[in-house]
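Please work through the exercises below with the sequence and the coordinates at hand. Each one sets a task and is followed by a solution in steps.

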Amino acid sequence: MPDPIPTAIAAFLAHQREARQASAHTLRAYRHELDELQRWLGREAGDLATVDQLTAATLRAYLADRAGGRRARAGPAPARVARPVAALRSFGRLLATRDRL
């Protein structure tokens with residue numbers, strides 16, 4: 001059975017803390033970015049509940065919205081895009097290695 005998104009996030013953060021020995025700062029940043037993703041999914045894709053329902057298109061839409069989408073004239077600051085991308089990449093990598101995607 002596919003993992004609910006909050007369960008997968010908790011497992012990801014535990015893995016980062018225990019196996020990867022991520023710093024408290026890194027864990028806070030990942031938690032923040034994945035909490036933002038959950039809030040966005042609740043607003044924009046309310047019926048999406050498990051990690052197997054996440055698609056590349058959904059994640060691209062999230063990142064575009066997070067970066068300011070088409071509303072940003074000068075474009076977002078690089079860190080505003082890089083941090084969520086890094087968090088999603090790490091989260092996705094763990095899900096893939098555990099055959100959750």
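**Exercise 1. Locate S90 in this predicted model, decide whether S90 is buried or exposed, and list its contacts beyond the neighbours within four places in sequence.**

Solution. Begin with the secondary structure, where S90 is placed in helix α4. Next take the relative accessible area of S90, which is 15%; the limit for a buried residue is under 20%, so S90 counts as buried. Finally, once the neighbours within four places in sequence are set aside, S90 is in contact with F12 and Y30.

**Exercise 2. Characterise the aromatic pair of F12 and F91, and then find which cluster these two rings belong to.**

Solution. The structure holds 3 aromatic pairs. For F12 and F91, the ring centres lie 5.5 Å apart and the planes meet at 75°; since edge-to-face requires planes over 60 degrees apart, the pair is edge-to-face. The next step is to place the two residues: F12 belongs to helix α1 (residues 5–18) and F91 to helix α4 (residues 78–97), so the pair ties together parts that are 79 residues apart in sequence. As for accessibility, F12 is buried at 0%, and F91 is buried as well, with a relative accessible area of 3%. Taken as a group, F12, Y30 and F91 form one aromatic cluster.

**Exercise 3. Repeat the analysis for the aromatic pair of W40 and Y62.**

Solution. The centre-to-centre distance between the rings of W40 and Y62 is 5.6 Å, and with 65° between the planes this pair is edge-to-face. The pair links distant parts of the chain, given that W40 sits in helix α2 and Y62 in helix α3, 22 residues apart. Both W40 and Y62 are buried.

**Exercise 4. Determine how the buried residues of α3 are arranged around its axis, and examine the residue G68 that follows this helix.**

Solution. The buried residues in α3 are T58, Y62 and R66. Viewed down the axis of α3, they fall within an arc of 70°, so they line one face of the helix. After α3 comes G68, whose phi is positive, near 105°.

**Exercise 5. Trace the salt-bridge network that contains E33, and contrast its placement with that of the pair E36 and R39.**

Solution. The count of salt bridges comes to 4. One of them joins the side chains of R66 and E33, with an N to O distance of 2.8 Å; R66 lies in helix α3 and E33 in helix α2, so this pair ties together parts that are 33 residues apart in sequence. Both partners are buried: R66 has a relative accessible area of 12%, and E33 has one of 3%. E33 also forms a salt bridge with R83, where the closest N and O atoms are 2.7 Å apart. Because E33 is in helix α2 and R83 in helix α4, the parts tied together here are 50 residues apart in sequence. R83 is partly exposed, its relative accessible area being 37%.

A further salt bridge, at 2.7 Å from N to O, is made by the side chains of E36 and R39. These two residues both lie in helix α2, 3 residues apart, which is about one turn of the helix. E36 is partly exposed at 24% relative accessibility, and R39 is partly exposed at 44%. The network itself follows from shared partners, through which salt bridges join E33, R66 and R83.

**Exercise 6. Identify the residues of the largest nonpolar core that touch the most other members, and say which elements contribute to this core.**

Solution. The largest nonpolar core has 22 residues, of which I5, F12, L34, L41 and F91 touch the most other members. The elements that give two or more residues to this core are α1, α2 and α4, and the largest share, 6 residues, comes from α2. To follow L41 outward, leave aside its neighbours within four places in sequence; L41 is then in contact with I5, G46, L48, L54 and T58.

**Exercise 7. Compare the settings of the loop residues T50 and Q21.**

Solution. T50 is found in the loop between α2 (24–44) and α3 (56–66), and with a relative accessible area of 17% T50 is buried. Its side chain is joined to that of D52 by a polar contact of 2.3 Å. Beyond residues up to four places away in sequence, T50 touches P2, D3, P4 and I5. Q21, by contrast, occupies the loop between α1 and α2 and is exposed, with a relative accessible area of 66%. The last step is the backbone: most residues other than glycine have a negative phi, whereas the phi of Q21 is positive, near 50°.

Definitions and conventions. Residues numbered from 1 in each chain as written. Predicted model: local features only at pLDDT ≥ 70, side-chain atom pairs only at ≥ 80, totals over all residues. Heavy atoms only, no water. Helix = DSSP H or I, 4+ residues; strand = E, 2+ residues; numbered from the N terminus. Buried < 20%, exposed > 50% of the residue type's maximum accessible area, 1.4 Å probe, protein only. Polar contact = N/O pair within 3.5 Å; in protein donor to acceptor, adjacent residues only side chain to side chain. Contact = heavy atoms within 4.5 Å. Phe/Tyr/Trp six-rings, centres within 6.5 Å; stacked < 30°, edge-to-face > 60°. Arc of directions from axis to C-beta. Core = buried A, V, L, I, M, F, W, Y, C linked by side-chain atoms within 4.5 Å.
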